[in-house]
Amino acid sequence: MENESLISHLEALRETLIKCFTAIGVVLPFTFFIAPKALDFLIKILIGNHKITFNYFSPMEVFILQVKVALVIDILVCFPYIAKKIWDFILPALYENEKKFIKSIVLTSSSLFILGSLFCIFFILPLIINFGISFASENIKAVFGISNIITLSLWMTVVFGLMFQLPLVTHYLIKSGIVEYETIVDKRPYVIVILLIVAAILTPPDVVSQVMLFIPTYALFELGLLFSRGKKNE
């Protein structure tokens, strides 16, 4: 009986993943069409007022970057659908109130993902570029390879979008009774350590990127706790 239950869950997971990847595949041709303009827009944000240029060193490098940009835009566009399918899988035996909860949580989850991505693009990435340029001097010139910068930017954009889900995850864990509010509060130091480790894993091996990811993520964790406490007291 347990084996049948496990198999049914694995089958449900497989169907969920197939639907998510199918949605990404369907939208990808459209996002690839706008990828060149999106890449130029991202470069303008990164450069800002600095007189620098990004360089590429192989014939296919920019094309590959456009494919990556198209994939990230694809994920942003498809995220509401993907979020719904994931929450549908997490909450399989749905009551009516839980169905309403999923509808609200999909909107909130999508909004947080987009907010995290935009926060990264317009605030975090320019700070990283400014930090790198600050080391330039008369004898040291900043020369940026476009592949490294754009790949880092796209990865950070997705990571920030995912990490901005933390308040929602925290609220759901407490709301569903999986973890008690007091337990999370008491384990706050462990949460800090875990978030630091996650930030170190998900960002390049430099302290600046890690701190820039950790600070807003921890602030969102506290926001999730605050929101859950308000609901708990009602």
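User: Leaving aside its neighbours within four places in sequence, which residues is L46 in contact with?

Analyst: This is a predicted model, so take everything here as computed from it. Beyond those sequence neighbours, L46 is in contact with F54, L125, I129, I149, I150 and S153.

User: What makes those count as contacts?

Analyst: The cut-off is 4.5 Å between heavy atoms, so each of the partners named for L46 has to reach within that distance.

User: Which residues touch the most other members of the largest nonpolar core?

Analyst: L46 again, along with F54, L125 and I150, in a core of 56 residues. Elements giving two or more residues to this core are α1 (2-47), α2 (61-90), α3 (96-133), α4 (146-163), α5 (166-175), α6 (181-186), α7 (188-202) and α8 (207-233). The largest share is from α3, with eleven residues.

User: And which residues does the second core include?

Analyst: C20, A23, I24 and I82 are among its five residues, and this core is separate.

User: Why is the pair F54 and F144 called edge-to-face?

Analyst: There are eleven aromatic pairs in the structure, and F54 with F144 is one to check by numbers. The ring centres are 5.9 Å apart, inside the 6.5 Å limit, so the two rings pair. The planes sit at 80°, and anything over 60 degrees is edge-to-face, so that's the label.

User: Where in the chain do these two partners sit?

Analyst: F54 is in strand β1 (residues 54-55) and F144 is in strand β2 (residues 144-145). They're 90 residues apart, so the pair links distant parts of the chain.

User: How do you know whether F54 and F144 are buried or exposed?

Analyst: Buried means under 20% relative accessible area. F54 comes in at 14%, so it is buried. F144 has 13%, which also puts F144 in the buried class.

User: What makes F160 and F164 a tilted pair?

Analyst: Centre to centre it's 6.5 Å, and the limit is within 6.5 Å, so the rings pair. The angle between the planes is 45°, and stacked needs under 30 degrees while edge-to-face needs over 60, so tilted is what remains. Both F160 and F164 are buried, and they belong to one aromatic cluster with F119 and F123.

User: Why is F21 called exposed?

Analyst: Exposed starts over 50% relative accessible area, and F21 has 59%, so it clears the bar. F21 sits in helix α1 and helps make a nonpolar surface patch of about 390 Å², together with L10, L13 and L17.

User: What do L10, L13, L17 and F21 need in order to form a patch?

Analyst: Each patch residue must have over 30% relative accessible area and no salt bridge, with nonpolar side chains joined within 5 Å. As for geometry, an α-helix has 3.6 residues a turn, so residues three or four places apart point the same way.

User: What makes R188 and E222 a salt bridge?

Analyst: The N to O distance is 2.7 Å and the cut-off is 4 Å, so the pair qualifies. In general, side chains of opposite charge can pair when their charged atoms come close. The structure holds one salt bridge. R188 is in helix α7 and E222 is in helix α8, 34 residues apart.

User: Why are R188 and E222 put in the partly exposed class?

Analyst: That class lies between 20% and 50% relative accessible area, so R188 at 26% and E222 at 24% fit there.

User: Why is F214 called buried, and which residues is it in contact with?

Analyst: F214 has 16% relative accessibility, under the 20% cut-off, so it's buried. F214 is in helix α8. Leaving aside neighbours within four places in sequence, F214 is in contact with I192, L195, L196 and A199. The C-alpha atoms of F214 and M163 are separated by 9.3 Å, with their positions 51 residues apart along the chain.

User: Why is α5 said to be largely enclosed by the rest of the structure?

Analyst: Seven of its ten residues are buried, so that description follows. The buried ones are L166, P167, L168, T170, H171, Y172 and I174.

User: How many of the 234 residues in the chain are buried, as a percentage?

Analyst: It's 38%. The accessible surface comes to about 14300 Å², with 70% belonging to carbon and sulfur atoms.

Terms used:
Residues are numbered from 1 along each chain as its sequence is written. Side-chain values use heavy atoms; hydrogens and water are left out. Rings of Phe, Tyr and Trp (its six-membered ring) pair if their centres lie within 6.5 Å; planes under 30 degrees apart count as stacked, over 60 as edge-to-face and the rest as tilted. Helices (H or I, at least four residues) and strands (E, at least two) are DSSP runs, numbered from the N terminus. Buried means under 20% relative accessible area, exposed over 50%, partly exposed in between (1.4 Å probe, protein chains only). A nonpolar core is a set of buried Ala, Val, Leu, Ile, Met, Phe, Trp, Tyr and Cys residues joined through side-chain atoms within 4.5 Å. Patches are made of residues with over 30% relative accessible area and no salt bridge: like charges are joined within 9 Å, nonpolar side chains (Val, Leu, Ile, Met, Phe, Trp, Tyr) within 5 Å. Accessible areas come from the Shrake-Rupley method with a 1.4 Å probe; for residues, only the protein chains shown count as cover. A salt bridge is a side-chain nitrogen of Lys or Arg within 4 Å of a carboxyl oxygen of Asp or Glu.
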